[in-house]
Amino acid sequence: MCGRYASARKRIELLEEFRVERDRVAEPLRPDYNVAPTKAVYAVVTRPASPSEAPPDSPPAEAAGSADVARELRVVRWGLVPFWAKDPTIGSRLINARAETVASKPAFRRAFTRRRCLLPADGYYEWQRPDGSESDTPDGKGKGAKQPYFIFREDGGPLAFAGLYELWRDSSVPDDHERAWLWTATIITTSAPDELGRIHERMPMVIQPDRWQDWLDPAANDPADLIALLAPAASIGLTSYPVSTAVNSVRNNGPELIERIEPGLAGPDSGSGAPSARSSRSRSAAAQGISGSAPDKLF
């Protein structure tokens, strides 16, 4: 699965790196080195323009044949809420969709053929339990505490997670209310290759740049063709190293969470989140983000 990741690049960087044609972000998100379910995250989508240049948080038209289809950057909430859900609480349980069943599961199959997205990330976290340990605790305590690892591109570039998004109508507010439409997303996961599978058997599905256009194309709706775009995760230039158990707590945030530590020096799991030891690796663009303002008022 993918339950935590880092997304700290500036909005302007994402607009350039993902070749975004229409910016739908009202206010930039703060750099986040500990993205957890239900948080606001960036998503890249391809959609028709909103009718009459409606605000970013209005539901854009999806009529076939629109002449104003463009790649957009938006803010969504992590945890997909299907359009048929009675309330949005289901989203916290739908943070991941398995590539093997995404085309058939009721919660995902409609979005799979209509609303696909890319979720930019600088890397993601997985936890490994020491061999022979009898403990399965993720909090960094006890004899068999799990060790968190940060997994990222060796060249420091961004990852583009394959995702699905949905729009859920809150019937408790009028159509013109800022919270009338809730935008949410899920991350598609797949089997991890051998070099990463030693840490965790699952990983986010990463879409390579040469497939972004096909994946985002709103006119593509054949499940078989879409499944073909979800290529096996192998030889995609990922590497990993151990990081502080400070990442275990969602209260901790900051570039120190992605700094390498020496094995056995897990660091604190609460408080400032500073690791016990750091590598000489220079910080990537992710570690140089600036503090932004409040998230979009999409939900």
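Here are a few short exercises on a predicted model of a protein, each with a worked solution.

**Exercise 1. The overall picture**

Work out how many helices and strands the protein has, and what share of its residues counts as buried.

Solution. Start with the secondary structure: you should find 5 helices and 13 strands. Next, go through the 299 residues, and 52% of them come out as buried. For the outside, the accessible surface adds up to about 13,700 Å², with 49% of it belonging to carbon and sulfur atoms. Finally, take the contacts between residues at least 6 apart in sequence: 71% of these join residues at least 24 apart.

**Exercise 2. A loop aspartate**

Find where Asp122 lies, decide whether Asp122 is buried or exposed, and say which backbone nitrogen its side chain reaches.

Solution. First, place the residue: β7 covers 116-121 and β8 covers 123-128, and Asp122 lies in the loop between them. Second, check the accessibility. The cut-off for buried is under 20% relative accessible area, and Asp122 has 7%, so Asp122 counts as buried. Third, look for a polar partner: the Asp122 side chain gets to the backbone nitrogen of Ala8, at 2.6 Å.

**Exercise 3. Cysteines**

Count the disulfides in the model, then ask whether Cys2 and Cys117 are buried or exposed.

Solution. Recall what you're hunting for: a disulfide is a covalent bond that joins the sulfur atoms of two cysteines. Here a pair needs its sulfur atoms within 2.5 Å, and by this rule the count is 0. Now for accessibility. Cys2 has a relative accessibility of 0%, so Cys2 is buried. Cys117 also comes out buried, because its relative accessible area is 0%.

**Exercise 4. Following Tyr5 through its ring pairs**

Count the aromatic pairs, then classify the pair of Tyr5 with Trp78 and the pair of Tyr5 with Phe161.

Solution. The full count is 11 aromatic pairs. In one of them, Tyr5 and Trp78 sit 5.2 Å apart centre to centre with 65° between their planes, an edge-to-face arrangement. That pair bridges distant parts of the chain: Tyr5 belongs to strand β1 (residues 5-7) and Trp78 to strand β5 (residues 70-78), 73 residues apart. Both Tyr5 and Trp78 are buried.

Now the other partner. The ring centres of Tyr5 and Phe161 are 5.5 Å apart and the planes meet at 75°, so this pair is edge-to-face too. Tyr5 is in strand β1 while Phe161 is in strand β10 (residues 159-169), so the pair ties together parts 156 residues apart in sequence. As for burial, Tyr5 has a relative accessible area of 1%, and Phe161 is at 0%.

**Exercise 5. A ring cluster and two arginines**

List the members of the cluster that ring pairs link together, then find which rings the charged ends of Arg110 and Arg116 sit over.

Solution. Trace the ring pairs and you get a cluster of Tyr125, Trp127, Phe150, Phe152 and Tyr241. For the arginines, go one at a time. Arg110 places its charged end over the ring of Phe83, 4.1 Å from the ring centre. Arg116 has its charged end over the ring of Trp215, at 5.7 Å from the centre.

**Exercise 6. Another loop residue**

Locate Ala192 and give its C-alpha separation from Met205.

Solution. Ala192 is in the loop between β11 (181-191) and α3 (194-197). Its relative accessible area is 15%, so Ala192 is buried. Met205 is 13 residues away along the chain, and the C-alpha atoms of Ala192 and Met205 are separated by 9.0 Å.

Conventions:
Residues are numbered from 1 along each chain as its sequence is written. This is a predicted model: local features need pLDDT of at least 70, side-chain atom pairs count only at pLDDT 80 or more; totals for chains, interfaces and linings use all residues. Side-chain values use heavy atoms; hydrogens and water are left out. Helices (H or I, at least four residues) and strands (E, at least two) are DSSP runs, numbered from the N terminus. Buried means under 20% relative accessible area, exposed over 50%, partly exposed in between (1.4 Å probe, protein chains only). Contact means heavy atoms within 4.5 Å. Accessible areas come from the Shrake-Rupley method with a 1.4 Å probe; for residues, only the protein chains shown count as cover. A polar contact is a pair of N or O atoms within 3.5 Å; within protein, one must be able to donate a hydrogen and the other to accept it, and residues adjacent in sequence count only if both atoms are side-chain atoms. Rings of Phe, Tyr and Trp (its six-membered ring) pair if their centres lie within 6.5 Å; planes under 30 degrees apart count as stacked, over 60 as edge-to-face and the rest as tilted. A charge sits over a ring if NZ of Lys or CZ of Arg is within 6 Å of the ring centre and within 35 degrees of the ring normal.
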